[in-house]
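Reader: I'm new to this one. Could you walk me through the terms as we go?

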Amino acid sequence: MRIYPAIDIKHGACVRLTQGLEDQETEYFHDPLEPARIFKAAGSEWVHVVDLDGAFKGKPANFDVVKGIADLGLKVEFGGGIRELEDAEALLAAGVSRIVVGTRACKDHAFVEELVKRWPENLAIGIDAREGKVAVRGWVEVTDMPAISFAEKLAEAGVQRIIYTDISTDGMMVGPNFEGQEEMLSAVPIQVIASGGVSDLHDLVVYSEMAQKFSNLDGVIVGKALYEKKFTVDEALKVATPTA
C-alpha cells in the first residue's frame with residue numbers, strides 16, 4: 001500500500017482547504033518545494049500534487065512549481081484543471097509521472113478514451129464524491145451521477161486507476177469513510193487510491209488491513225494530518241509497509 005503525501009497549491013503556496021471550499025484555506029508553507037523536500041527525505045517515493053488554482057479556473061496554473069517538485073526526484077501525481085490533451089502532454093513532458101483528470105472525464109467519455117489510448121500507465125481518473133454523487137469543478141458542482149456507476153464506466157473504458165475522494169471527510173480530521181471506500185473497492189477491479197479524512201495512524205492501520213483484503217487498494221493520500229503533525233511520513237510508511 002503506497003502513501004501519497006499531498007501538496008495542494010494555491011497562489012504559489014502550499015495550503016489545505018476544508019472540504020474543498022475555496023474560502024476555507026490554511027497556508028502551511030509559502031514554498032511548496034519545502035514540504036516536498038521533507039517528504040522525500042522521509043523516504044516517500046510519490047507525492048500527490050493538486051493545483052487548486054487550476055481546478056477552479058479549468059487550466060493548470062502552477063506549472064513551474066510542479067516541475068520544481070518533479071525535479072527533486074519525486075514521482076509526481078498531479079491533478080487540477082487538466083481538461084485538454086496538450087496540458088496533459090506538457091505536464092508529462094515536464095516530469096509528472098501520473099496525471100489526474102476529474103471534471104472533463106465526468107462530462108466527456110471520448111476524452112477518457114483518448115487519454116487511455118495515449119497514456120494508460122500514466123493516468124488516474126479522480127472521482128470526488130459528496131453523499132455518493134460525483135462532484136466536479138473543484139468540488140463546487142455536484143452531479144446526479146453515482147460515483148460507483150462512474151467508476152464502472154471508467155473500468156469498461158480501460159482506465160487502470162482511480163482516486164476516490166470522499167469530500168465530506170476531506171480536511172475534517174474525523175477519519176475516512178471506510179465503508180464508502182470498501183464499497184468502491186468491491187465494485188470495480190481497477191486500482192483505487194483512497195483519499196479524504198485520514199486523521200491519525202490508526203486510520204492507516206485500518207487501510208493497511210483493508211489492503212490485505214482488497215488487492216486493488218493501491219494506496220492512500222494523506223494531507224492535513226501531516227501538516228497538523230498528527231504523524232510523520234516516516235511513521236506512515238512504516239504502517240503501510242510493515243516488516244515481518
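Author: Sure. Buried means under 20% relative accessible area, exposed over 50%, and partly exposed in between (1.4 Å probe, protein chains only). A strand is a DSSP run of E with at least two residues, a helix a run of H or I with at least four, both numbered from the N terminus. This is a predicted model, where local features need pLDDT of at least 70, side-chain atom pairs count only at pLDDT 80 or more, and totals for chains, interfaces and linings use all residues. Residues are numbered from 1 along each chain as its sequence is written, and side-chain values use heavy atoms, with hydrogens and water left out.

Reader: What makes strand S7 mostly covered?

Author: Of the 8 residues in S7 (residues 123–130), 7 are buried, so they fall under the 20% cut-off.

Reader: How do you know that S7 and strand S10 pair?

Author: Two strands pair if DSSP finds at least two bridges between them. S7 and S10 (residues 161–166) have 5 bridges, in the parallel sense, so they qualify. Ile 125 stands opposite Ile 162 there.

Reader: Why is strand S8 called a partner of S7 too?

Author: S8 (residues 133–136) and S7 share 3 bridges, so the two-bridge rule is met. This pairing is antiparallel, with Ala 129 opposite Val 134. In their hairpin, which has 2 residues between the strands, Glu 131 takes a positive phi near 55 degrees.

Reader: And which strand pairs with S7 over 3 bridges in the parallel sense?

Author: That's S6 (residues 98–101), where Val 100 stands opposite Ala 124 in S7.
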